[in-house]
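Work through the three exercises below with the model open. Try each task before reading its solution.

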Amino acid sequence: MEYKDIIELVNQLDWSLSENIQNHAKTELINISPENCDLLIQPMLKNTWHNATLVIKTIGYPNNKKSLSSLIWLLQDLNWPGVSNAFDILKSVNKDILITLLESSIKRAYLESDYMWLGGIKYFLMDAQICRNDFKNLDIYDFLDYSDF
């Protein structure tokens with residue numbers, strides 16, 4: 001599947017479209033190659049995020065590995081569509097793999113002064129029962145102290 005075809009199908013995940021269109025897009029995108037899985041969450045297409053996370057969940061790990069950073073990105077606002085699915089998917093991933101991605105996102109959120117995102121990550125860590133000692137870089141974990149909540 002080519003880039004333009006993937007983006008066209010992702011656009012069809014929009015919850016304002018008919019269920020037939022959404023279901024067709026989900027069925028097609030489940031067959032996306034693992035190297036293109038990161039294309040499923042498009043930042044400007046908020047109405048597609050819930051369905052995109054359903055596709056990512058169905059694809060399963062390790063084929064959805066490239067989408068994990070996008071799922072952590074969704075934690076910027078716990079009210080965004082697809083966040084509950086993102087929690088489920090991320091919690092199912094091996095902790096060692098997840099920690100590396102979380103550390104990168106925590107550092108980015110801190111550098112961008114995105115304290116709400118830090119709060120979302122912190123909330124996820126509590127829910128997933130991931131603690132400070134699980135981190136490879138304890139200094140990065142301490143950035144969570146700057147979270148909004």
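**Exercise 1. Place Thr 53, say whether Thr 53 is buried or exposed, and list what Thr 53 touches.**

Step 1. Thr 53 sits in helix 3, residues 49–59. Helices are DSSP runs of H or I, at least four residues, numbered from the N terminus.
Step 2. Its relative accessible area is 0%, so Thr 53 is buried (under 20%; exposed is over 50%, partly exposed in between; 1.4 Å probe, protein chains only).
Step 3. Leaving out residues up to four places away in sequence, Thr 53 touches Ile 41, Leu 71, Leu 74, Gly 82, Asn 85 and Ile 89 (heavy atoms within 4.5 Å).

The model is predicted: local features need pLDDT of at least 70, side-chain atom pairs count only at pLDDT 80 or more, and totals for chains, interfaces and linings use all residues. Numbering starts from 1 along each chain as its sequence is written, and side-chain values use heavy atoms, without hydrogens and water.

**Exercise 2. Describe how helix 6 packs on helix 7.**

Step 1. Helix 6 (residues 95–111) and helix 7 (residues 115–127) pack at about 155°, with axes 9 Å apart.
Step 2. Helix 6 is therefore roughly antiparallel to helix 7 (angles over 145 degrees).
Step 3. Helix 6 contributes residues including Leu 98, Leu 102 and Arg 108; helix 7 contributes residues including Trp 117 and Phe 124.

**Exercise 3. How many disulfides does the whole structure hold?**

Step 1. Search for cysteine sulfur atoms within 2.5 Å. The search finds zero disulfides.
Step 2. Check two cysteines. Cys 37 is buried at 0% relative accessibility. Cys 131 is partly exposed at 37%.

Conventions: Axes are lines fitted to C-alpha atoms, for helices over the stretch in contact, and angles run from 0 to 180 degrees between N-to-C directions. Helices (H or I, at least four residues) and strands (E, at least two) are DSSP runs, numbered from the N terminus. Angles under 35 degrees count as roughly parallel, over 145 as roughly antiparallel, 65 to 115 as roughly perpendicular and the rest as oblique.
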